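Biologist: I am new to this structure and would love a close look at one part of it. Could you walk me through the place where the ligand sits, and what lies around it?

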Amino acid sequence: MYFKRKFPNSRLRRMRLNSNIRNLISEFELSTNDLIQPLFIKEGLSGTEPIESMPGICRHGEDSILSEIEALLEHDINTVALFPVIEQSKKNSKGDEALNSSNLMCQTVSEIKKRFPEIILISDVALDPYTDHGHDGLLINNYVDNDETLNILKQQSLTLAQAGSDIIAPSDMMDGRIGFIRKALDEMDYKNTILLSYAAKYNSKFYGPFRDAVNSASSLGKSSKATYQMSPKNKNEAIHEVAMDINEGADIVMVKPGMPYLDIISNIKDTFKIPTFAYQVSGEYSMLKLAIDKGWLDSDVMLESLYSFKRAGADAILTYAAKEISKEITNK
Ligand code: PBG
């Protein structure tokens, strides 16, 4: 069929003549509905604090987070993912602070919801911001114990749902967590709390700047997350992970990181046809942003990188560039 197209009967450049024609035939668009802004909140901070390894991104104090949300809503960004940076003294080996129903996350979630009930809040469920060893779960004999961790994640999810989170996002890659959390939420009548599973999360070095941002890098030291996060060498395993999470009740599945794993996003969307998100993680953002700031790359590369997610099949994208990009897409 189309591979029989021949010059000069076919001139594909005809459809690239000017921007109106190009727009008429464009197959994918990016809108602010596709963008989710991750935000860092830091305990005890007033105002903002820059994150050195993430140019243009900062940690927010409890006051500045509200004005940031207001600005995002003005830019039509209606969904944010929150990540806490808690005081070092509150971290311990079991991550107990995660279960404190008046901890930084719970307080921030309820404050935001009080002022801006329409914003969609995604709360991460994992212990790494709360443990002094930097792992996402409980360490028993130097191994992150799956089943012991589940009980804690369940409690953490309930406190976050109670505080007003719309979406609970388990990001720790423990087996069985989606089913466990779904059951607990339903029992407490949080039937409409959405579960976004970080279903295919790879053991990636692209998370480096995020670990600086939440101060977990130093706690983790040389220790790796390879016994729970996926190996970058695997593809079929991602399908198994996603299938398990869908069967356990995930409403949305996510692939992370993004650009180095576009094949996985595409495969998952084609196979399961359920809401699929992608996370353009800290390292991906910083690479592009630094090169843009240096003048080595044009700032349009950010937008271009986001189109790749749409082509791969992502329904929405978590990206640190969400706010910045929202200003651009409205003028394109
Ligand atoms: C862990 C978590 C990580 C990110 C979000 N939640 C990474 C990790 O340390 O394993 C990374 C996000 C990013 O790099 O932007 N619970």
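Modeller: Happy to! One bit of vocabulary comes first: Ala, Val, Leu, Ile, Met, Phe, Trp, Tyr, Cys and Pro count as nonpolar, Asp, Glu, Lys and Arg as charged, and the others, Gly among them, as polar. With those groups, the shell around the ligand divides into 7 nonpolar, 3 polar and 7 charged residues. Please keep in mind that this is a predicted model.

Now to the shell itself. The ligand is surrounded by 17 residues, and the closest are Arg-211, Gln-229, Lys-256, Ser-282 and Tyr-320. Let us follow some individual contacts. In the side chain of Tyr-320, an N or O atom is 2.6 Å from an oxygen atom of the ligand. Lys-225 also reaches a ligand oxygen, with 2.9 Å between that oxygen and an N or O atom of the Lys-225 side chain. For Lys-256, the partner is a nitrogen atom of the ligand, 3.4 Å from an N or O atom in the side chain. As for how covered the ligand is, it exposes 400 Å² when taken alone, and the protein buries 100% of that. The space that the ligand takes is the largest cavity.

That is the ligand site: 17 residues around the ligand, and 100% of its exposed area buried by the protein. When you look at the structure, you could begin at Tyr-320, one of the closest residues, and then find Lys-225 and its 2.9 Å contact with a ligand oxygen.

Definitions and conventions:
Residues are numbered from 1 along each chain as its sequence is written. This is a predicted model: local features need pLDDT of at least 70, side-chain atom pairs count only at pLDDT 80 or more; totals for chains, interfaces and linings use all residues. Side-chain values use heavy atoms; hydrogens and water are left out. A residue is near a molecule or strand if one of its heavy atoms lies within 4 Å of it. A polar contact is a pair of N or O atoms within 3.5 Å; within protein, one must be able to donate a hydrogen and the other to accept it, and residues adjacent in sequence count only if both atoms are side-chain atoms. Accessible areas come from the Shrake-Rupley method with a 1.4 Å probe; for residues, only the protein chains shown count as cover. On a 1 Å grid over the protein atoms alone, a cavity is a set of points where a 1.4 Å probe fits but cannot get out, and a pocket is an open set with protein on both sides within 12 Å along at least five of seven lines; lining residues have an atom within 4 Å of a point. A molecule sits in a cavity or pocket if more than half of its atoms lie within 2 Å of its grid points.
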